[in-house]
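Hi everyone, thanks for coming. Let me put the structure up on the screen, and then we'll walk through it together.

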Amino acid sequence: MHLNHDTDAPASAPITFDDFLRVDIRIGTIVEAEPFPEARKPAFKLKIDFGPAIGMKKSSAQIVDRYTLEDLPGRQVAAVVNFPPRQIGKYMSEVLTLGFADDEGAVILFAPDRLVPNGSRLF
């Protein structure tokens, strides 16, 4: 599912500003994190609060290399909230939680450096 993590890879093909606006990226707070032993690749199940307009959403995140279940509740994360839900094994992931690969290829969650309201949209 993940694209090339090579930091020397060229930028993707240009898109329009309207293309960018169609991707709805919001901030939410993780309220629950559970193991996901059925996943093909190690992952956690997350429940994320995106505020009153979006509500609670579920996500599967391959972040077990850098985070523990205890690290996650209360942490704000960014996610794409307008992709269609995706079946991951027996689990329905409703949003795509965003992150970047570190030097070893493990996912580091993308989040604001200060607290912002749940549901805040990236612009």
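Let's start with one residue: where is Ala39 found? Ala39 sits in the loop between E1 and E2. Before I go on, please keep in mind that this is a predicted model.

Okay, back to Ala39. Is Ala39 buried or exposed? Ala39 has a relative accessible area of 17%, and the cut-off for buried is under 20%, so Ala39 counts as buried. Now look for Tyr91: Ala39 and Tyr91 are 52 residues apart in sequence, and in space their C-alpha atoms are 8.8 Å apart.

Let's zoom out to the whole chain. How many helices and strands does the protein chain have? There are two helices and nine strands. If you read along the sequence, you get the pattern α-β-β-α-β-β-β-β-β-β-β. The radius of gyration is 15 Å, close to the 14 Å that the globule rule gives for 123 residues, so the chain is as compact as a globular protein of that length. If you draw a box along the principal axes, the C-alpha atoms fill roughly 40 × 35 × 30 Å.

What about inside and outside? Of the 123 residues, 32% count as buried. The accessible surface comes to about 8400 Å², and 56% of that surface belongs to carbon and sulfur atoms. On the charge side, we have 14 positive and 17 negative side chains, with the centres of the two sets lying 8 Å apart. And here's one on contacts: take those between residues at least 6 apart in sequence, and 58% of them join residues at least 24 apart.

Now for the sheet. In which order do the five strands of the open sheet come? The order is E3-E2-E1-E4-E7, and the pairing is antiparallel. At the edges you find strand E3, residues 56-61, and strand E7, residues 96-97; each of these pairs on one side only. A quick reminder for anyone new to this: strands of a sheet pair through backbone hydrogen bonds, either parallel or antiparallel.

Let's walk across from the E3 edge. Strand E2, residues 44-49, pairs with E3 over six bridges, in the antiparallel sense. If you want to find that pairing on screen, Ile48 has Lys57 in E3 as its bridge partner, and Leu46 stands opposite Ser59 in E3.

Next step: strand E1, residues 25-35, and E2 are antiparallel too, with six bridges between them. Which residue in E2 is the bridge partner of Glu34? That's Lys45. Glu32, in turn, stands opposite Lys47 in E2.

Moving on, E1 and strand E4, residues 76-80, pair in the antiparallel sense over five bridges. Over in E4, Ile25 has Val80 as its bridge partner, and Ile27 has Ala78. Then comes the last step, where two bridges join E4 to E7, again running antiparallel. Val80 turns up here as well, with Leu96 as its bridge partner in E7.

I'd like to stay with E4 for a moment. Why is E4 described as largely enclosed by the rest of the structure? Because five of the five residues of E4 are buried. And which way do they point? Gln76, Ala78 and Val80 point one way from E4, while Val77 and Ala79 point the other way, and all of them are buried. That fits a general pattern: in a regular strand the side chains alternate between the two faces of the sheet.

Last stop, the beginning of the chain. Both His5 and Ala13 lie in the segment before helix H1, and H1 itself covers residues 17-22. How accessible are these two? His5 has 46% relative accessibility and counts as partly exposed. Ala13, at 63% relative accessibility, counts as exposed, since the cut-off for exposed is over 50%.

Let's check some distances from here. How far apart in space are His5 and Leu115? Going C-alpha to C-alpha, they are 28 Å apart, with their positions 110 residues apart in sequence. For Ala13 and Asp24, 11 residues apart along the chain, the C-alpha atoms are separated by 20 Å.

So, if you rotate the model yourselves later, try following the sheet in the order E3-E2-E1-E4-E7. Then pick out E4, where five of the five residues are buried. Thanks, and I'm happy to take questions!

Notes
Residues numbered from 1 in each chain as written. Predicted model: local features only at pLDDT ≥ 70, side-chain atom pairs only at ≥ 80, totals over all residues. Heavy atoms only, no water. Helix = DSSP H or I, 4+ residues; strand = E, 2+ residues; numbered from the N terminus. Rg over C-alpha atoms; globule rule 2.2 N^0.38 Å. Buried < 20%, exposed > 50% of the residue type's maximum accessible area, 1.4 Å probe, protein only. Contact = heavy atoms within 4.5 Å. Areas by Shrake-Rupley, 256 points an atom, 1.4 Å probe, with all protein chains shown as cover. Lys, Arg positive; Asp, Glu negative; His and termini not counted. Charge placed at Lys NZ, Arg CZ, Asp CG, Glu CD. Pairing = 2+ DSSP bridges.
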